[in-house]
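Hi everyone, thanks for making time. I'd like to walk you through one structure today, so have a look at the screen.

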Amino acid sequence: MDQEFLILTDPANGKQIELPVLRPTQGPPVIDIGRLHREMGYFTYDPGFLATASCHSTITFIDGDEGILQYRGYPIEQLAEQSNFLETSYLMMYGELPRPEQLEEFHNIMTHHSMLNESLKSFFRGFYHDAHPMAIMVGVVGSLSAFYHDSTDITNPRHREIAAYRMIAKMPSIAAASYKHTIGEPQVYPDNSLSFTGNLLKMMFSVPCEEYHVNPVAEKALDLIFLLHIDHEQNASTSTVRLAGSSQANPFACIASGIAALWGPAHGGANEAVLSMLEEIGDVKNIPEYLARARDKNDPFRLMGFGHRVYKNYDPRARIIRKMCHEVLKDMGDESDPLFELAIRLEEIALSDDYFIARKLYPNVDFYSGLIYRALGIPTSMFTVMFAIARTVGWVAQWMEMIGEDNLRIGRPRQLYVGPVQRDYVQMDKR
Ligand code: CMC
């Protein structure tokens, strides 16, 4: 197909520029504005990146209007039904589903990189007991940059691969140790005989003085939730990882920056915020009051777990998690969880409310995930940590994709400067 162009005319002088229109394999066309500033002297302005593609990628595709999510072209529903977290992680890292021997090797690698350097223990001890586990995660994952000097030559593909294995495999161990620190229990070493999620559960909930049996319902549910959280295109934390990585920074430090970005309540912190919100609402009779607050522009309250920058339709992950919530609560003998019933009523009422209809605000992935975590006995402060464990795979895949490109350029946005124009320094006694 011939190259298409979008022609822009400068109203000031009639000068024209032909901007190439890039055609993706799926999704809307993209205008390449790379020459705009050099040739026309203009920047573009798009705060929040509402219409800006920051990179090209082959990893995740989202059609927000249709509520479609694909990992490497595979619909999320098919992967959720037929795959598992580790297999999908392999797919995300390497682009293709693994053959049996490749998956076995991947599983082996993941289990054999799960231990933490013993020196890291003192990092955990440095945190006060009431530290939020996400604060510990940001610090400890960042501190991994001070270890593993054998895998930080980012120009070497094998180094990148080993760093990626380490990040994915060590994340559950760091997460569990963060939790153990906050409750004053001893850290539990990883158990190579267990699955990825079984091992995490054991490291979080077992104590050295008692035998521990992994609950298969919890193990399976967590595996599915992790799969659904692996990647989500160029979201805030992934873009943060890419931007940090574009300066050729240490990969562990890049992932720590992603964890920091994920923590906010507008992003991964929403799962924790949903639970707090449901507890605060407390009863179906209070829903109208909270919806009125969500509609009120003078009130900072937002319905947590609702709305999404990209989805203007039901988040496909939320649909899967909602169904799973029914099953998990049933299996865990908690079918009549009042907060789940409250969440379902809240969803029904919000979805028939004009404010939410007009703005196409639907439940997102975080609306129901917290309820599942809660049913599995995972404390609220660990919800976003769970998200971080899974999303590490996406961050790593996106980082590898970016670093592996021929033409890595540092990310460096420009701005619309609205500050003072040049003025002269005023001596202290004249101010
Ligand atoms: N409750 C009430 N009003 C909302 C909500 C909400 N949850 N979400 C969006 N709106 C309104 C918003 O006030 C705006 O109204 P108006 O056009 O009258 O000014 C309109 O809907 C568009 O919202 P926006 O803030 O411009 O949309 P955004 O794309 O910048 O923000 C969002 C997306 C996810 C940050 C936002 O919907 C939100 O704060 N939701 C609650 C937090 C949440 O659940 N976050 C998890 C997102 S999914 C997982 C993840 O990314 O990690």
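Let's start with the ligand: 22 residues surround it, and H267, K297, L303, G305 and R309 come nearest; near here means a heavy atom within 4 Å. Before I go on, this is a predicted model, where local features need pLDDT of at least 70 and side-chain atom pairs count only at 80 or more, while totals for chains, interfaces and linings use all residues. Residues are numbered from 1 along each chain as its sequence is written, and side-chain values use heavy atoms, leaving out hydrogens and water.

So, which polar contacts (pairs of N or O atoms within 3.5 Å) are there? R309 has a side-chain N or O atom 2.7 Å from a ligand oxygen. A polar side-chain atom of K297 sits 2.9 Å from an oxygen of the ligand. With A266 it's a backbone N or O atom, 3.0 Å from a ligand nitrogen. On its own, the ligand has 940 Å² of accessible area, and the protein covers 75% of that (Shrake-Rupley method, 1.4 Å probe). The shell has 11 nonpolar, 6 polar and 5 charged residues; Ala, Val, Leu, Ile, Met, Phe, Trp, Tyr, Cys and Pro count as nonpolar, Asp, Glu, Lys and Arg as charged, and the others, Gly among them, as polar.

Now two helices (DSSP runs of H or I, at least four residues, numbered from the N terminus). The axes of α15 (338–351) and α17 (365–375) come within 10 Å and cross at roughly 175°; axes are lines fitted to C-alpha atoms over the stretch in contact, with angles from 0 to 180 degrees between N-to-C directions. That makes the pair roughly antiparallel, a label for angles over 145 degrees.

Notes:
Polar contact = N/O pair within 3.5 Å; in protein donor to acceptor, adjacent residues only side chain to side chain. Parallel < 35°, antiparallel > 145°, perpendicular 65-115°, else oblique.
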